[in-house]
Amino acid sequence: MEYKNPEIAEVAKQLHEKFAKLKDKRAILRAAELTALYDRIKTLPPDERASFGKEINELKKELESMVRKSVTSNLSPVTSIDVTAPFDMNVKPENRPKLLPAENGSRHPLMTELDIILDIFYRMGFAAVESRELDDDYHMFGSLNFPKDHPARDEYDTFVTDEDLVAPAHTSIMQNRVFKSMEIPIRAVIPGRVFRNEDLDARHEHTFYQLEGVYVDKGIHAGHLVATIRAWLSSYYEREIKIKIQPFYFPFTEPSFEFAASCIFCEGRGCNVCSHTGWIELGGCGMIHPNVLREGGIDPAKYTGFAWGFGIDRLVMLKYNIEDVRHFHSGNLKFLRQFA
Ligand SMILES: [Zn+2]
């Protein structure tokens, strides 16, 4: 930039030289030479002050623009660190090594299957309600017709905290809450994690997923129960499934049943999976006990209902012919990648 005033032109030249040597370029705006020029204004004859002042301002603007340019050109690219990335974030995507889908992270097969299961129930008119992983004695037992000191409580070898909270052994802990909070007709499915003190083997885990279902309305009977389970299982396994129920005992249902589905592998002819019986036991079910309905604020003289509980892990094992339930919680990538 050309400055008409020789004094300013000279200072501008000096400041340019100084600027080139400065480490912190912003310091040029505080240079003593610049301040001295401003101080010169009041020593000039009044008719020269305006044009002199104007040229100093132009010089200052020039210096400011030089500072701005140097700061932006010296900015180094921001290197973000994603500690979860299985590759170097600073390597361009096209230069990164090819990853298997599972190395990018993927959903757990149980969660994918749970979505499919819940979707079937949505279409059948059921709402999904989330369970919880810590509960109290009332919801685990009291609300479900297990009187205090009832021997049936001993069937549930549960985990209890120092504060007497229970790690739920079944998703039935939610029945009372559902009855009290939903309008009749009640159609709800309740997926959740449950915990049992089990001896572990290929068929038993201490932690697994269960799917509870409840249906309450006028005139509901066991025929509706069997039809509902058959319809959803046939939809899940994409083939016609037969259902067999046999009497069982649960304190919270009366009558209570165990139910078995026709083997999806041999369609009832008998194979290794079904121990050559043609049937696979899937869970418990029954008509909700009048005491349980009453405890949930529902008049058992007016309404009836059914409930069931399936092990989700077991359903998924059957669908994919998985031989050991412990794979699900093993963190074994070789197993999980098959579903990615
Ligand atoms: Zn079979």
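Trainee: Which residue of β8 is the bridge partner of phenylalanine 259?

Mentor: In this predicted model, phenylalanine 259 has glycine 283 of β8 as its bridge partner.

Trainee: What makes β7 and β8 a pair of strands?

Mentor: Pairing requires at least two bridges, and 8 bridges join β7 to β8 (residues 279–288). The two strands therefore pair, and they run antiparallel.

Trainee: How do you know that β6 and β7 pair?

Mentor: Strand β6 (residues 243–250) and strand β7 (residues 253–262) are joined by 7 bridges, against a requirement of at least two. They therefore count as paired, and their direction is antiparallel. Isoleucine 245, for instance, has phenylalanine 259 of β7 as its bridge partner. A hairpin of 2 residues connects β6 to β7.

Trainee: Why are helices α4 and α7 called oblique to each other?

Mentor: Helix α4 (residues 109–123) and helix α7 (residues 222–237) pack at about 135°, and their axes are 10 Å apart. Roughly perpendicular covers 65 to 115 degrees, and roughly antiparallel applies over 145. The angle fits neither class, so α4 and α7 are oblique. Their crossing is right-handed.

Trainee: Which residues make the contact of α4 with α7?

Mentor: Helix α4 contributes Ile117, Ile120 and Phe121, and α7 contributes Trp232, Ser235 and Tyr236.

Trainee: How do the residues of this contact divide into nonpolar, polar and charged?

Mentor: There are 5 nonpolar residues, 1 polar residue and no charged residue in the contact of α4 with α7. Tyr counts as nonpolar under the classification used, so Tyr236 belongs to the nonpolar group.

Note on methods
Residues numbered from 1 in each chain as written. Predicted model: local features only at pLDDT ≥ 70, side-chain atom pairs only at ≥ 80, totals over all residues. Axes fitted to C-alpha atoms, helices over the stretch in contact; angles between N-to-C directions. Helix = DSSP H or I, 4+ residues; strand = E, 2+ residues; numbered from the N terminus. Parallel < 35°, antiparallel > 145°, perpendicular 65-115°, else oblique. Left-handed = near helix turned anticlockwise from the far one by under 90°. Contact = placed C-beta atoms within 7 Å.
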